[in-house]
Structures are given as structure tokens and as C-alpha cells.
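Subject: Structure handover

Hi,

Here is the structure I promised to send over. Please open it alongside this message and follow along at your own pace.

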Amino acid sequence: MAIHFISDLHLADDTPALTRLFLDTLAGWRGRIEALYILGDLFEYWVGDDDDSPYLEEALAALRAFAAETPLFVMRGNRDFLFGAGFEARSGARLLDDPTLIEAHGRRILLSHGDALCADDTAYQQFRAVSRSPAWQQAMLARPLAERHAIARHARAQSEMNKQANGLSAISDVTETAVQQLLAAHGWPTLIHGHTHRPGHHRHQAGDSHAERWVIRDWHGEAGGYLLLDDAGIQALPLGG
Ligand code: MN
């Protein structure tokens, strides 16, 4: 049996092909794998556990059916960081802290979304610190649902404009310093993260210490991918189109 890792699906009401790929993938893996870890940005945005949008209901029902047979773990990303206890109840998933260290198939593996490692993006890191505070989140969740949707749509449009203007800028990748600090703090485990949309397999070294870092592929268009961990190690595999 194998453990699968996915991240950065960015499911939204206007990504029906990706939602279909996700539903088909869950149905194919349900009861056939050891566990599934979703390491952030499952959804393009999450405005609160009370969001009753139809595309969410469809995905959450599929997650619940999956979790009834197979352990399901979800980490918050920078888009769906407002996941709370209501999300756990609706999805059957268990929320994980970022980072979380697991041991499986003879390896110590550190799981993270990856946004905290993009240390050169100081404006984003400031927003991240503020938006993770209980006071900010309580104030946001106290707004009417329609208003939260409007805020999310606005943030999404801003992000699209930035992406078109700047492309994949250097500040949207992890820094070597941040990666090494995180690895050192946990005794140089294998690191798995997403977020950067730069799928890859890297080695990091400092003195006698070294570790592997795997970046999970994002999903877009009609295709995605995942990392598979079993006794043979880790491999990156495609899904869909
Ligand atoms: Mn992200």
C-alpha cells in the first residue's frame, strides 16, 4: 500500500474539469491506498466553514465518502487557510498543522504547504502573519457570507493580475535559507511541499547534514499529479489529460 500526496488543486466554481478529475481520482483511490494527504490550496478560496456553494458540496461529499474508507489529512494553504472544525466535519478530513512531521515506510517526512518558505516575498509574509491571527480571522468570519465571497473574488482578481504582470517571479519560490532552517529544526527529514507551482526533486546540504525536498505538482487545465510513497521510495506521477 502507498501514501499519496497532492496539493494546489485550486478547485473553484469555474474549474469543472479539475473538479471532475478530483472526484474520479478520489473514487479510484478510495479503499485502495494507505492514506491521502492534501497539502494546501485544495480550493481556490475558502471563505468560511459555512460556505454552501454547490461545487463545494460536491467535493465535500466525495471527500466524506473517501474518508469513510481511507485516512484523509488536509493542511491549510494560503488560499484555504480559513479551514476550521466545520470543514473537518463536512469533509471527514483531519486538519494538520503546518509543518507536520510523519514517519512512514522507514522515512521521516516533513509536510508543509510551502508558502512560509517564500521568505523573500515580505509583503506576503506580513499578510500571512496578520491573517493567521485569531482576531483577524474572527473579524473576517463575522462578515456576511456574500461579503466574504466578494472579498475573495477581489483577491483572486488581484492575484491573477499580479501573475500576468510578473509571471513566476523569483520571490514566489522558496529561499535556500528558509528551507535549511526548517530542515535543521527537524533534524533534516525529507521535505514535501507544494505552493510554488514548480514541481521538482531537490537536494539540500549543510555540512554533514543533507535532505531531499520534493515539490508537488499543481493541478491546472485538465491535468494534475501526485507523489506516491511506498517501500521503494517517493515518485512523482501524473493524473488526467
Ligand atoms: Mn499556495
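Below are some notes on the sheet, the metal site and a few side chains.

First, the basics: this is a predicted model, in which local features need pLDDT of at least 70 and side-chain atom pairs count only at pLDDT 80 or more, while totals for chains, interfaces and linings use all residues. Residues are numbered from 1 along each chain as its sequence is written, and side-chain values use heavy atoms, with hydrogens and water left out.

The sheet

An open, mixed sheet is built from 5 strands in the order 5-6-7-9-8. Its edges are strand 5 (100-104) and strand 8 (200-206), each of which pairs on one side only. On average, neighbouring strands here are turned by 25° against each other, direction ignored. Some terms: helices (H or I, at least four residues) and strands (E, at least two) are DSSP runs numbered from the N terminus, and two strands pair if DSSP finds at least two bridges between them. Axes are lines fitted to C-alpha atoms, for helices over the stretch in contact, with angles from 0 to 180 degrees between N-to-C directions.

Strand 5 and strand 6 are antiparallel, with 5 bridges, and they make a hairpin with 2 residues between them. In that turn, H105 has a positive phi of about 50°. On the other side, strand 6 (residues 107-111) runs parallel to strand 7 (residues 190-193), joined by 3 bridges. L111 is a good residue to click on: its bridge partner in strand 7 is I192, and L111 is also the bridge partner of T100.

Side chains alternate along strand 5: T100, I102 and A104 point to one face and are buried, whereas L101 and E103 point to the other and are not. Buried means under 20% relative accessible area, exposed over 50%, and partly exposed in between (1.4 Å probe, protein chains only).

Helix 7 (residues 176-185) packs on this sheet, touching strands 6, 7, 8 and 9 (209-215). The helix direction makes about 70° with that of strand 8.

The manganese site

Which protein atoms are the donors of the manganese ion? They are D41 (OD), N78 (OD1), H113 (NE2) and H195 (ND1), lying 2.0 to 2.3 Å from the ion. Donors are N, O and S atoms within 2.8 Å of the metal (3.2 Å for Na, K and Ca); water is not among the atoms, so sites may look incomplete. Along the chain, the donors follow the spacing D-x36-N-x34-H-x81-H. N78 sits in the loop between strand 3 (72-75) and helix 3 (85-91), and H113 in the loop between strand 6 and helix 4 (122-131), 35 residues apart. N78 counts as buried because its relative accessibility is 15%, and H113 is buried at 0%.

Aromatic pairs and one threonine

There are 12 aromatic pairs in the structure. One of them, F22 with W219, is edge-to-face, at 6.4 Å centre to centre and 70° between the planes. Rings of Phe, Tyr and Trp (its six-membered ring) pair if their centres lie within 6.5 Å; planes under 30 degrees apart count as stacked, over 60 as edge-to-face and the rest as tilted. F22 belongs to helix 1 (residues 16-29) and W219 to the loop between strand 9 and strand 10 (223-230), so this pair ties together parts 197 residues apart in sequence. F43, W46, F83 and F87 form one aromatic cluster.

Finally, T196 lies in the loop between strand 7 and strand 8 and is buried, at 3% relative accessibility. Leaving aside neighbours within four places in sequence, T196 has contacts (heavy atoms within 4.5 Å) that include C118, L168 and D173.

Best wishes
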